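The following report introduces a protein structure to a reader who has not met it before. Please keep the sequence and the model in view while reading.

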Amino acid sequence: MVYRPAPHYHRWAVGQRYRDYYRGPVYVVNDYGHYHVRRPPRGYHWVRDDRGNLLMVAIATGIIADLLLHH
């Protein structure tokens, strides 16, 4: 029998640094209409985590400015 640790699901919040928690590939969302989100301001982009949450993240710092959970 193989024992695996329980999956750790992080609860995102505005002001947290996205890159500190997520070490995998970054999925940048460019199709704003498909996801029903507004175009991010200059210096930000929407990213999608592995659970389908959308996070508006500052490109330079990784700080979360806005989020849509379980989108």
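Which residue in S4 does Leu 55 stand opposite? Leu 55 stands opposite Leu 67 in S4. The paragraphs below set this pair in its surroundings.

**Basis of the report**

This is a predicted model, in which local features need pLDDT of at least 70 and side-chain atom pairs count only at pLDDT 80 or more, while totals for chains, interfaces and linings use all residues. Residues are numbered from 1 along each chain as its sequence is written, and side-chain values use heavy atoms, with hydrogens and water left out.

**Overall architecture**

The protein chain contains two helices and four strands, arranged along the sequence as α-β-α-β-β-β. Helices (H or I, at least four residues) and strands (E, at least two) are DSSP runs numbered from the N terminus. Of the 71 residues in the protein chain, 31% are buried; buried means under 20% relative accessible area, exposed over 50%, and partly exposed in between (1.4 Å probe, protein chains only). The accessible surface of the chain is about 5400 Å², and carbon and sulfur atoms account for 52% of that surface. These areas come from the Shrake-Rupley method with a 1.4 Å probe, and for residues only the protein chains shown count as cover. Among contacts between residues at least 6 apart in sequence, 35% join residues at least 24 apart, where contact means heavy atoms within 4.5 Å.

**The sheet**

The four strands form an open sheet in the order S1-S2-S3-S4, with antiparallel pairing. Strand S1 (27-29) and strand S4 (64-68) each have a single partner strand and stand at the edges, so one side of each is left without a neighbour in the sheet. From one strand to the next, the twist averages 35°; the axes are lines fitted to C-alpha atoms, and angles run from 0 to 180 degrees between N-to-C directions. Two strands are taken to pair if DSSP finds at least two bridges between them.

S2 and S3 run antiparallel and are joined by five bridges. Their hairpin has five residues between the strands, and Gly 52 takes a positive phi near 90° there. Strand S3 (residues 54-58) and S4 also pair in the antiparallel sense, over four bridges. These two strands form a hairpin with five residues between them, in whose turn Gly 62 has a positive phi of about 85°. The table sets out bridge partners of residues in S3.

| Residue in S3 | Opposite residue |
|---|---|
| Leu 54 | Leu 68 in S4 |
| Val 57 | Ile 64 in S4 |
| Val 57 | His 45 |

In a regular strand the side chains alternate between the two faces of the sheet. In S3 both faces are covered, with Leu 54, Met 56 and Ala 58 buried on one side and Leu 55 and Val 57 buried on the other. Five of the five residues of S3 are buried, so this strand is largely enclosed by the rest of the structure.

**Nonpolar cores**

A nonpolar core is a set of buried Ala, Val, Leu, Ile, Met, Phe, Trp, Tyr and Cys residues joined through side-chain atoms within 4.5 Å. The largest has seven residues: Trp 12, Tyr 18, Val 47, Leu 55, Val 57, Ile 64 and Leu 67. S3 and S4 are the elements that give two or more residues to this core. A second, separate core of six residues includes Val 29, Trp 46, Leu 54 and Met 56.

**His 45 and the salt bridge**

His 45 lies in strand S2 (residues 44-48) and is buried, with a relative accessible area of 18%. Leaving aside its neighbours within four places in sequence, His 45 is in contact with residues including Val 28, Pro 40 and Ile 59.

The structure holds one salt bridge, a term for a side-chain nitrogen of Lys or Arg within 4 Å of a carboxyl oxygen of Asp or Glu. The side chains of Arg 38 and Asp 66 form this bridge (3.1 Å, N to O). Arg 38 is in the loop between helix H2 (32-35) and S2, whereas Asp 66 is in strand S4, 28 residues apart, and the pair links distant parts of the chain. Asp 66 counts as partly exposed, at 22% relative accessibility.
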